[in-house]
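Visitor: I keep hearing the term salt bridge. Please show me how such a label is earned.

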Amino acid sequence: MPLFATENGMLDRWAIWLSGLCIVHCLSGAVFFALAASAGGMLLDPIVHEVGLVIAILFGVIAIGRGAFQHGYMLPVAISSLGVGTMAGALSLPHSEMELIYTVLGVALLALGHDLNRRAYR
């Protein structure tokens, strides 16, 4: 390090910034984990999952349908329909590992349909 770095207080300024970052890191970590602990029970409630899936299905149908009317390609509609159907099927399953598998598969298919829909505009 150059000698002037210690003479003009540059090291002190860096140390102050690092101390400030440390404080922000520690406080934000504590707040995050406190919120996660209290919100964790709510986020694992099946109704949150069901409402989220219904909203995702509605947005998927609207976005893919609108795209199909504008560009006319049916591949995004077919793949998205399979994804939406899989997600809707997951709503009928009990809250378990199978529901998670069907939900993730449906969401992945719907995301692929959205990507194909987006690319069809080019």
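Guide: Start with Arg 119 and Asp 115. Their side chains meet in a salt bridge, at 2.9 Å from N to O. The model is a predicted one.

Visitor: Why is the contact between Arg 119 and Asp 115 called a salt bridge?

Guide: The label asks for a side-chain nitrogen of Lys or Arg within 4 Å of a carboxyl oxygen of Asp or Glu. Here the N to O value is 2.9 Å. Therefore the Arg 119 and Asp 115 pair qualifies.

Visitor: What separates Arg 119 and Asp 115 along helix H5?

Guide: About one helical turn, because they are four residues apart in that helix.

Visitor: Which salt bridge does Asp 115 form with Arg 118, and how do you know that the label fits?

Guide: The closest N and O atoms of Asp 115 and Arg 118 are 2.6 Å apart. The cut-off is 4 Å, so this pair fits as well. Asp 115 and Arg 118 are three residues apart in helix H5 (residues 97–120), so about one helical turn separates them.

Visitor: What makes Arg 119 partly exposed?

Guide: Buried means under 20%, and exposed means over 50%. Arg 119 has 47% relative accessibility, so it falls in between. Arg 118, at 41%, is also partly exposed. Asp 115, at 25%, counts as partly exposed too.

Visitor: How many salt bridges does the structure hold?

Guide: Two. Through shared partners, salt bridges join Asp 115, Arg 118 and Arg 119 into one network.

Key. Residues are numbered from 1 along each chain as its sequence is written. This is a predicted model: local features need pLDDT of at least 70, side-chain atom pairs count only at pLDDT 80 or more; totals for chains, interfaces and linings use all residues. Side-chain values use heavy atoms; hydrogens and water are left out. Helices (H or I, at least four residues) and strands (E, at least two) are DSSP runs, numbered from the N terminus. Buried means under 20% relative accessible area, exposed over 50%, partly exposed in between (1.4 Å probe, protein chains only).
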